Amino acid sequence: MKLHEYQGKEILRQFGVNVQEGRVATTPDEVRQIARDYGDAVVVKAQVHVGGRGKAGGVKFSPTPDKAFENGEKILGMDIKGLTVNKVLVTKAVDIDAGVEYYIGMIVDRNVQSFTLMASAEGGVDIEEVAAETPEKIVHYRVDPVTGLRPYEARAVAIQAGFKGNLNKIADMMVKLSQAALERDAVLVEINPLFVDASGTPLALDTKFEIDDNAMYRHKDLADWRELEAEHPLEIEASKYGFAYVKLDDGNVGVLGNGAGIVMTSLDVVNRAGAKPANFLDIGGGAKAEIVYNAVKLVSKDTDVKAIFINIFGGITRADEVAKGVIQALKDGILTKPVRMRIAGTAEEEAKALLAEVNSPLIQMFPNMFDAAAEAAKEANK
Amino acid sequence: MGILVNKDSKVIVQGMTGREGASHSRAMKEFGTQVVAGVTPGKGGMDFEGWPIYNSVAEAKKATGANVSIIFVPPAGAADAVLEAAHAGIPLVILITEGVPTVDMMKAVQEVKLLDAQSREAGGEGVRLIGGNCPGLVTNGEAKVGIMPNKIYTKPGRIGLISRSGTLTYEAAKLLNDAGMGTSTTVGIGGDPVIGTTFADVLPMFEADDGTDAIVVIGEIGGADEEAAAEYIKNNMKKPVVAFISGRSAPAGKRMGHAGAIIMGNVGTPESKLAAFKDANVPVADTMPEIIDLVKAALNK
């Protein structure tokens, strides 16, 4: 689960990280009031789960409360990459020129089978760009998942990254970041920029925080923080059914299958067939007809989808259950777009027999995934 | 022949009495695997379809001499089940469970590695964890310790298979089977970001196995396991290796089902994996059926 900046900052605050003061507003009047309360220049920041909100005009410096009101009006209700801004975070402005901006982050790292702490003196910018262009400017350090980061390790990393300021305070912030990541089951947590003022004191100006969905059961207090309106409506519906679903841009073929690997390969096959996948939908293992029915229903709701490609290799999943789900969707009038499918494995013959009985041009079965995808692509590109 | 498991492997099932544990225990038995007992805390002493159930792995091991454990325990207790098996001295632990919190896996994997090192130092056989979120492993014609459909393993052969994806493992095993080549051992290592055994850990076992002539590696986007595998192959492998990479058209930054299948920055991109395999002289199939052609070509060299 992705957290908003204000939520991530709240967690870091709970772990003792020195976080820039700020409050959330949902109306321009509230924005003005917060600016008045602070009695100083503020920054109004859109709270949406997308990157690049600054470039999209979602972050604005506001020297006066009236300017803050104006910026609040501009940003609230704004559309950033398909998501509407319903909340802004209003923070006290910081004179960036009076200090330095660094980057620190913790990320789950497959290669070291633990968290990697990353630190860079190149803060305040897109860290992925730094990673791509000047990777030597980022220090990587494996954190022991049992002990967490120890202060001496943090100091060594800070020194290696070339951080200036109060080393003990900066290291302490890194240690607390590591505690937050481990105890709150983060997938990724970043402080960027990490602002170090003239006195050498570090302050977290912005944060990214994402929590491992598999661990949400032990963070019930955070589950209330999930804001469904901030996510894609079809993705919300998919999560209700327990599907792994991702909406993809510019696609016209709905893609569903059983297992992440086969669905990823199905996306590749649709691309090769000259169409574009509109989504990724994994129905999981052992799906019964009802699950397939819901999957078809979900994908059919997507107006970008012109045809559906179903790719199943049945082990635990039975092909006849898949066929039953699709046929029921057809009977209920939910299925109005052509479905081209390949179902191999368990109960393949039974599935064929069921489809022959229905005999609808909307549903066709093929012996291999390439032919099925090619037909789906042809239908979608019509 | 083959690696890791064979007809002599004695398998216990942690979580045997649960729905998944029960059905796969039966399927493994049908395959011919020596399933010797189950472990379900609180149900010790019970007879489950002819299998004795024990309260702990240690008891089950003592009574049966088991040397492999397969785990079907729900996510919240799965990492603990791994540690129980490892501390009881089971040398091969296979975690099937999907959805285990990553932090739990980090801690468990680290502890298993420590136990492994200690055991080896003391002259023991070590401890290996495979998975989680994996389909398990099969030595064709001998034993299955996993959840793969039995009927795709009808032709024992001499091709080793390692895969991050469950369904694509089935797909590849069936293709090899249908092509008349068959498989030696199939190892599903799992698609999660933190797993017990990687491609580079399995490759040397196949290199040393007299029953394997060539190896197929089924990778996917995200992580750098494929790159590490390519590096290992380049420096150490004499047997031919053929690769396939799933998710080559997936957009960056989106999580594609597998928690590990996400491209972050320039790490784990299809381009970096293709380049690494190219550098190691490993042919990469564009489609799954092409794997067969590439394996045939590699064997005829």
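Select helix H3 of chain A, residues 65-75, in this predicted model. Its buried residues are A:Ala68, A:Asn71, A:Gly72 and A:Ile75. Because these residues cover an arc of only 105° around the axis, they sit on the same side of H3(A).

Next, display what this buried side meets. The buried residues of H3(A) pack against helix H2 (28-38) and against three strands of chain A, namely S3 (42-46), S4 (59-62) and S7 (88-92). Then move past the end of the helix: H3(A) is followed by A:Gly77, whose phi is positive, near 90°.

Now widen the selection to residues 9-220 of chain A. An unreviewed UniProt entry annotates these residues as "domain: ATP-grasp". The C-alpha atoms at the two ends of the span lie 18 Å apart. Helix makes up 30% of the span and strand 31%.

Turn to chain B and display the whole chain. Chain B has 9 helices and 14 strands. Its C-alpha atoms fill a box of roughly 55 × 40 × 40 Å along the principal axes. A compact globule of 301 residues would have a radius of gyration near 19 Å, and the 19 Å of chain B agrees with this. Buried residues account for 62% of the 301 residues in chain B. Of the contacts in chain B with a separation of 6 or more, 73% are between residues 24 or more positions apart.

Within chain B, select the strands S1 to S7. How are these 7 strands ordered in the sheet? The order is S3-S4-S2-S1-S5-S6-S7, in an open sheet with mixed pairing. The edge strands of this sheet are S3 (47-48) and S7 (128-131) of chain B, each of which pairs on one side only. In general, strands of a sheet pair through backbone hydrogen bonds, either parallel or antiparallel.

For a parallel example, select S5 (residues 68-71) and S6 (residues 92-95) of chain B. These two strands pair in the parallel sense over 4 bridges. One residue to mark is B:Ser69, whose bridge partner in S6(B) is B:Val93.

Finally, add two helices of chain B to the view. Helix H2 (residues 57-64) of chain B packs on the sheet and touches strands S1 (10-14), S2 (34-39) and S4 (51-54). The direction of H2 makes about 155° with that of S1(B). Helix H3 (residues 75-87) of chain B lies across S1, S5, S6 and S7 of chain B, and this helix runs at about 170° to S6(B).

Notes: Residues numbered from 1 in each chain as written. Chains lettered and ligands numbered in written order. Predicted model: local features only at pLDDT ≥ 70, side-chain atom pairs only at ≥ 80, totals over all residues. Heavy atoms only, no water. Buried < 20%, exposed > 50% of the residue type's maximum accessible area, 1.4 Å probe, protein only. Arc of directions from axis to C-beta. Contact = heavy atoms within 4.5 Å. UniProt positions renumbered as here; feature names shortened; annotations may be inferred. Pairing = 2+ DSSP bridges. Axes fitted to C-alpha atoms, helices over the stretch in contact; angles between N-to-C directions. Rg over C-alpha atoms; globule rule 2.2 N^0.38 Å.
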